[in-house]
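Here is a short briefing for the bench. Please look over the sequence and the fold before reading on.

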Amino acid sequence: MARLAGGTAGRLHMAIECHSCFQWLMPTIDQFRDAWPEVELDLASGFSFAPLPALARGDLDLVVTSDPIELAGITYVPLFTYEAMLAVANQHRLAHKAFIQPQDLATETLITYPVERDRLDIFTRFLEPNDIEPAQVRTAELTVMMMQLVASGRGVCGLPNWALHEYSSRGYVSAKRLGEKGLFATLYAAIRTDMLDAPFMRDFLLTAKDTSFASLEGVSVAR
């Protein structure tokens, strides 16, 4: 009880609404576990249930999301801003364009993670506002599977710039900007407001930010 009162023990059950986030979240969790061994850690994917309502109920303690919704007692702490980009094969007809327009995807197969469209920025903020539907949509569970499909000309896919950088920097695929000004989004840590001042929660947020800026290419301070 004394450790709980002193903030050295507690519970941090998390869910993520971001397939690519394991790239920086795992090092964050490893570092945090070493610093806070008496905090009970648990991690789940947020795609098989509604994690934000679960957070509000107290079933979870933190949700990583890019889609904040207003809920009583929930605070969204910005982690970083990133640019969503389109991955295309190096020999693709779109590879030499300065940027991608929504109508460019009307004849393309769009490869996505297996989640609802309303959780994908390329639909909600790029295609649907312009009444554009891709010719086909197919899904892949893993980023590396998506990249293999793209590189072999089986489709195109939208990914955060930091997740795509590993492949585009090696010339495996080409990364193209979505729209002339780019498509930017912010990743948040959703937390119950009454947990914001818990010492281990503050440290986790600082560790997450430090890890992401140290390890992810192309992210910036949240606007």
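The points below cover cysteines, one helix, one asparagine and the aromatic rings.

This is a predicted model. The structure holds one disulfide. A search of the whole structure turns up eight aromatic pairs.

**Cysteines**
- The disulfide joins Cys-18 to Cys-21, with an S to S distance of 2.2 Å.
- The torsion about the S-S bond of Cys-18 and Cys-21 is about 90 degrees, so this disulfide is right-handed.
- Cys-18 is buried, because its relative accessibility of 11% is under the 20% cut-off.
- Cys-21 is buried too, at 0% relative accessibility.
- Cys-157 has its closest cysteine sulfur in Cys-18, 14 Å away. That is too far for a bond, because a disulfide needs the two sulfur atoms within 2.5 Å.
- Cys-157 is also buried, with a relative accessibility of 0%.

**Helix α5**
- Helix α5 spans residues 143–151. Its buried residues are Thr-143, Met-146, Met-147, Leu-149 and Val-150.
- Seen down the axis of α5, these buried residues fall within an arc of 160 degrees, so they line one face of the helix.
- An α-helix has 3.6 residues a turn, so residues three or four places apart point the same way.
- The buried residues of α5 pack against four strands: β4 (74–88), β6 (109–112), β7 (136–139) and β8 (156–160). They also pack against helix α6.
- Gly-153 comes just after α5 and takes a positive phi of about 80 degrees.

**Asn-161**
- Asn-161 is found in helix α6, which covers residues 161–168.
- Asn-161 is buried, because its relative accessible area of 11% is under 20%.
- Leaving aside neighbours within four places in sequence, Asn-161 is in contact with Tyr-82, Glu-83 and Met-85. Its contacts also include Glu-217 and Gly-218.

**Aromatic rings**
- Among the eight aromatic pairs is that of Phe-32 and Trp-36, with ring centres 6.2 Å apart and planes at 20 degrees. This pair is stacked, because planes under 30 degrees apart count as such.
- Phe-32 and Trp-36 are both buried.
- Phe-80 and Tyr-82 have ring centres 6.4 Å apart and planes at 65 degrees, so they form an edge-to-face pair.
- Phe-80 is buried, as is Tyr-82.
- Ring pairs link Phe-80 and Tyr-82 with Trp-24 and Trp-162 into a cluster.
- Tyr-82, a member of that cluster, is also in contact with Asn-161.

Methods
Residues are numbered from 1 along each chain as its sequence is written. This is a predicted model: local features need pLDDT of at least 70, side-chain atom pairs count only at pLDDT 80 or more; totals for chains, interfaces and linings use all residues. Side-chain values use heavy atoms; hydrogens and water are left out. Helices (H or I, at least four residues) and strands (E, at least two) are DSSP runs, numbered from the N terminus. Buried means under 20% relative accessible area, exposed over 50%, partly exposed in between (1.4 Å probe, protein chains only). Contact means heavy atoms within 4.5 Å. The arc is that of the directions from the helix axis to the C-beta atoms. Rings of Phe, Tyr and Trp (its six-membered ring) pair if their centres lie within 6.5 Å; planes under 30 degrees apart count as stacked, over 60 as edge-to-face and the rest as tilted.
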